[in-house]
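Thanks, everyone. I'll keep this short: ligand first, then salt bridges. Have a look at the model.

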Amino acid sequence: MTYLAAERGVRQFLDIGTGLPTADNTHEIAQRIAPDARIVYVDNDPIVLAHARTLLTGTRDGATDYIDADVHDPDAILRRAANTLDLDRPVAVMMLGILNFVLDTAEARDIVRRVMAAVPSGSFLVLTHPTFDPEVGGELQVPAMEFWNKNATPPITARSGTEIAAFFEGLELVEPGLVSCSRWRAASDSAVVVPQYGAVGVKP
Ligand SMILES: C[S@@+](CC[C@H](N)C(=O)[O-])C[C@H]1O[C@@H](n2cnc3c(N)ncnc32)[C@H](O)[C@@H]1O
C-alpha cells in the first residue's frame with residue numbers, strides 16, 4: 001500500500017476479499033499518504049458487512065465504499081466499483097488471500113484476467129496466496145489447511161509458485177517479483193519466510 005500510494009502515485013484501490021477491519025485498513029494507509037485516494041472494499045462475508053461502517057470513514061477529499069459481492073462474479077464487482085472508482089484511470093487491484101477460495105485454477109485466472117482487462121495501463125495487481133511449496137516452508141501449511149477444510153468454510157486451496165506466477169500473465173512483475181510475502185521489500189533478509197507468496201504486477 002505504502003509503496004503503491006507513495007512511490008507509484010496510485011490513487012484508486014479495489015480491495016477484493018477485504019477481511020475484518022483492523023488497524024491500518026487499506027483506506028487509512030492510502031489516505032494518510034494521499035487524502036484524495038478512493039478505495040472500494042469487496043467481501044461476501046456477512047460479518048465483514050456488519051463491520052463495514054468502520055471501513056467507510058474516509059477523508060473529505062477521498063472516498064471509500066463497501067460492496068457486498070462474490071469474487072466469482074467479477075463483472076458485478078466492476079460494475080458497482082465504477083460508482084466510486086474512475087476505471088479509465090489506474091487502479092491497484094488487491095487480491096490478498098482471496099483467490100485461495102476460488103478452487104478452480106482456470107476460473108481464478110479468468111477472474112484476474114477480467115478484472116485487469118477492465119482497468120487501464122499503469123494499473124497494478126497485488127496478490128498474496130498460500131502455497132505448499134517447500135522452498136517457503138509450505139509443508140507446514142498442509143495440516144492447517146486440512147484442518148480448515150474439515151471444520152470450516154469456505155474451502156481453501158494452496159497453489160504452487162508457478163501457478164501463482166501465472167496470475168500475472170500480461171503484467172510486469174515489480175521487483176523483487178514473486179517471493180514469500182514477508183520478504184517483499186523487507187528491510188532485511190532476516191525476515192522469517194512464510195508459506196504464502198506475494199507479488200505486485202503492473203499493467204504495461
Ligand atoms: C483470508 S481473508 C483475507 C483478508 C485480507 N485481504 C488480508 O489479506 O488480510 C479472506 C477474505 O475473503 C473473503 N471471501 C472469501 N470468499 C469470498 C468470495 N467468494 N467472495 C468475496 N469475498 C470472499 C472472506 O470473507 C475474507 O474476508
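Start with leucine 96. One of its polar backbone atoms is 2.9 Å from a nitrogen atom of the ligand. Keep in mind that this is a predicted model. Valine 71 also makes a backbone contact: a polar atom there lies 2.9 Å from a ligand nitrogen. Aspartate 43 uses its side chain instead. A polar atom of that side chain comes to 2.6 Å from an oxygen atom of the ligand.

How much of the ligand's accessible area does the protein cover? On its own, the ligand has 600 Å² of accessible area, and the protein covers 72% of that.

Now the surroundings. The ligand sits in the largest pocket. Around the ligand there are 15 residues. Gly17, Asp43, Asp70, Val71 and Leu96 are the closest. What is the make-up of that shell by class? Six residues are nonpolar, six are polar and three are charged.

On to the salt bridges. Side chains of opposite charge can pair when their charged atoms come close. With a cut-off of 4 Å between the side-chain nitrogen and the carboxyl oxygen, the count is six salt bridges. Take one pair, arginine 114 and aspartate 75. Their closest N and O atoms are 2.8 Å apart.

What does this pair tie together? Arginine 114 belongs to helix α6, residues 105-117. Aspartate 75 belongs to helix α5, residues 74-81. The two are 39 residues apart in sequence, so the salt bridge ties together parts that far apart along the chain.

That's my tour. Questions, please.

How values were computed. Residues numbered from 1 in each chain as written. Predicted model: local features only at pLDDT ≥ 70, side-chain atom pairs only at ≥ 80, totals over all residues. Heavy atoms only, no water. Near = heavy atom within 4 Å. Polar contact = N/O pair within 3.5 Å; in protein donor to acceptor, adjacent residues only side chain to side chain. Areas by Shrake-Rupley, 256 points an atom, 1.4 Å probe, with all protein chains shown as cover. 1 Å grid on protein atoms, 1.4 Å probe; cavity = no way out; pocket = protein on both sides within 12 Å on 5 of 7 lines; lining within 4 Å. Sits in = over half its atoms within 2 Å of the grid points. Nonpolar A, V, L, I, M, F, W, Y, C, P; charged D, E, K, R; others polar. Helix = DSSP H or I, 4+ residues; strand = E, 2+ residues; numbered from the N terminus.
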